[in-house]
Amino acid sequence: MSQILQQTLNPQLEALTTLFEQMDRALIAYSGGIDSTLVAKIAYDVLGDRALAVTAVSPSLLPEDLEEARVQAAAIGISHEEVATDEMANPNYTANPVNRCYFCKSELHDTLKPLALERGYPYVVDGVNADDLHDYRPGIQAAKERGARSPLAEVGMTKA
């Protein structure tokens, strides 16, 4: 790893660690992609069994993506659960408007937040990174409206 990249990442990784230390317990909205996997890994490293990765399962999730989420969670060692979501029942989602992701993330977080509260997890976190904040991402608004946090974005971590 280059010296410059290391100097950039170390403060961000330290900030992520500190962020999770302050949370005590966290439920991760876990797709198995690189961003949510990084969040799950850091959360697990800091919180151990006080971190839970949850993958939403619906017809819009490809079976191979679900399998990848399972494999990655097992490799990390984090507890991983699956919950059913039903964004396909929402005509606002199935009409495929430009803000379709708003309705998908609304369904996701309307499912995850009550689960987190029921299980004693005060935080639901996702894999939104700082780059995502500069794109049109209506799903970010839906998540924020429901109290979700985005640790990668909070510490300024980009996709790179």
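In this predicted model, Phe103 is a buried residue with a relative accessible area of 17%. Its ring is paired with that of Tyr102: the ring centres lie 5.4 Å apart and the planes stand at 85°, so the pair is edge-to-face. Tyr102 is buried too, at 18% relative accessibility. A search of the whole structure finds one aromatic pair.

**Sheet and helices**

The model contains an open sheet of four strands, ordered S3-S2-S1-S4, with parallel pairing. Strand S3 (79-84) and strand S4 (124-125) are the edge strands, each pairing on one side only. Two bridges join strand S1 (residues 26-29) to S4 in the parallel sense. Ile28 has Val125 as its bridge partner in S4.

Helix H5 (residues 100-119) packs on this sheet and touches S1, S2, S3 and S4. The direction of H5 makes about 160° with that of S1. Helix H3 (residues 63-76) lies across strand S2 (51-57) and S3, and runs at about 155° to S3.

**Nonpolar cores**

In soluble globular proteins, nonpolar side chains tend to be buried together. The largest nonpolar core here has 22 residues. Phe20, Ile28, Tyr30 and Ile78 are those with the most contacts inside this core. At least two core residues come from each of helix H1 (3-23), S1, helix H2 (34-47), S2 and H3. H2 gives the largest share, five residues.

Which residues does Phe20 contact, leaving aside its neighbours within four places in sequence? They are Ala26, Val39, Ile42, Ala43, Val46, Leu47, Val125 and Pro151. Val125, in this list of contacts, is also the bridge partner of Ile28.

Another core, of 11 residues, lies apart from the largest one. Its members include Leu27, Leu52, Ala116 and Val124.

**Helix H6**

Helix H6 spans residues 138-145, and within it Pro138, Gly139, Ile140, Ala142 and Ala143 are buried. H5 is included in what covers these buried residues. Just after H6, Gly147 has a positive phi of about 85°.

**Salt bridges**

Side chains of opposite charge can pair when their charged atoms come close. The whole structure holds 11 salt bridges. Three of the pairs are given below, with the distance between nitrogen and oxygen.

| Residue | Residue | N to O distance |
|---|---|---|
| Asp135 | Arg137 | 3.4 Å |
| Glu145 | Arg146 | 3.4 Å |
| Arg149 | Glu154 | 2.6 Å |

In the pair of Asp135 and Arg137, Asp135 is partly exposed, with a relative accessible area of 43%. Arg137 counts as partly exposed at 39% relative accessibility. Glu145, which meets Arg146 in a salt bridge, is partly exposed at 43% relative accessibility. Residue 145 is also where H6 (residues 138-145) ends.

Arg149 and Glu154 are joined through their side chains. Arg149 has a relative accessible area of 24%, so it falls in the partly exposed class, above the 20% limit for buried residues. Glu154 is partly exposed as well, with 40% relative accessibility.

Elsewhere, salt bridges link Glu67, Arg70 and Glu82 in a network. Residues 67 and 70 fall within H3 (residues 63-76), and residue 82 falls within S3 (79-84).

**Positive phi values**

Most residues other than glycine have a negative phi. Where does Asp24 lie? Asp24 is in the loop between H1 and S1. Its phi is near 75°, a positive value in a residue other than glycine. Asp24 is partly exposed, with a relative accessible area of 40%.

Asn96 is another residue other than glycine with a positive phi, near 60°. Asn96 is placed in the loop between helix H4 (91-94) and H5. At 49% relative accessibility, Asn96 counts as partly exposed, because the exposed class begins over 50%.

Methods
Residues numbered from 1 in each chain as written. Predicted model: local features only at pLDDT ≥ 70, side-chain atom pairs only at ≥ 80, totals over all residues. Heavy atoms only, no water. Pairing = 2+ DSSP bridges. Contact = heavy atoms within 4.5 Å. Axes fitted to C-alpha atoms, helices over the stretch in contact; angles between N-to-C directions. Core = buried A, V, L, I, M, F, W, Y, C linked by side-chain atoms within 4.5 Å. Buried < 20%, exposed > 50% of the residue type's maximum accessible area, 1.4 Å probe, protein only. Salt bridge = Lys/Arg side-chain N within 4 Å of Asp/Glu carboxyl O. Phe/Tyr/Trp six-rings, centres within 6.5 Å; stacked < 30°, edge-to-face > 60°.
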